[in-house]
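Hi,

Here is the structure I promised to pass on. Have a look at it first, and then read my notes below.

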Amino acid sequence: VVHGPEVSIFQKENYQKHKEIVDLAAKLSALGILDISVCENRLRRKGGDKDSVYPFVETVPFGPSEVNRLLKKENYVYF
């Protein structure tokens, strides 16, 4: 769950700047190794919306709440 200024990495308009990361994230997502979500709240603050990110990137309303949910209810590990 990406919820800081780094959400801009996954905005389509910034592809050339972050091509290497985006391409790797897309491959790992396609292989089922990685799931990426970005915070809609932060995305709006960066001038974007759900349509401004790649299809392999999901959105969540508020990133910090989603992180807490994953840690407490889904037994994810934070790293």
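A quick word on naming before anything else: helices (H or I, at least four residues) and strands (E, at least two) are DSSP runs, numbered from the N terminus. This is a predicted model, so local features need pLDDT of at least 70 and side-chain atom pairs count only at pLDDT 80 or more, while totals for chains, interfaces and linings use all residues. Residues are numbered from 1 along each chain as its sequence is written, and side-chain values use heavy atoms, with hydrogens and water left out.

Let's begin with the loop between α2 and β2, where Lys 50 is found. Lys 50 is exposed, as its relative accessible area is 52% (buried means under 20%, exposed over 50%, partly exposed in between, with a 1.4 Å probe and protein chains only). Its contacts, meaning heavy atoms within 4.5 Å, are Glu 40, Leu 43 and Thr 59, leaving aside residues up to four places away in sequence. From Lys 50 to Lys 17 it is 33 residues in sequence and 20 Å in space, C-alpha to C-alpha.

Ser 52 sits in the loop between α2 (40-45) and β2 (57-60). Ser 52 is buried, at 16% relative accessible area. A polar atom of the Ser 52 side chain lies 2.7 Å from the backbone oxygen of Asp 49. Not counting residues up to four places away in sequence, Ser 52 touches Phe 10, Gln 11, Lys 12 and Leu 43.

Now the rings. How many aromatic pairs does the structure hold? There are two. (Rings of Phe, Tyr and Trp, the last by its six-membered ring, pair if their centres lie within 6.5 Å; planes under 30 degrees apart count as stacked, over 60 as edge-to-face and the rest as tilted.) Tyr 15 and Tyr 54 have ring centres 6.3 Å apart and planes at 65°, so this pair is edge-to-face. Because Tyr 15 lies in helix α1 and Tyr 54 in the loop between α2 and β2, the pair ties together parts that are 39 residues apart in sequence. Tyr 54 and Phe 56 form a stacked pair, at 5.7 Å centre to centre and 15° between the planes. Ring pairs thus link Tyr 15, Tyr 54 and Phe 56 into a cluster. Tyr 15 is partly exposed, with a relative accessible area of 23%, whereas Tyr 54 counts as buried at 13%. Phe 56 is buried too.

Ser 37 is another buried serine, with a relative accessible area of 12%, and its place is in strand β1. Leaving out residues up to four places away in sequence, Ser 37 touches Val 1, Val 2, Glu 58 and Val 60.

On the outside, Leu 31 is found in the loop between α1 (15-30) and β1 (36-39). Why does Leu 31 count as exposed? Because its relative accessible area is 63%.

Last comes Asn 75, in the segment after α3 (63-73). Asn 75 counts as exposed, at 64% relative accessibility. Its phi is near 60°, a positive value in a residue other than glycine. For context, most residues other than glycine have a negative phi.

Cheers

Terms used. A polar contact is a pair of N or O atoms within 3.5 Å; within protein, one must be able to donate a hydrogen and the other to accept it, and residues adjacent in sequence count only if both atoms are side-chain atoms.
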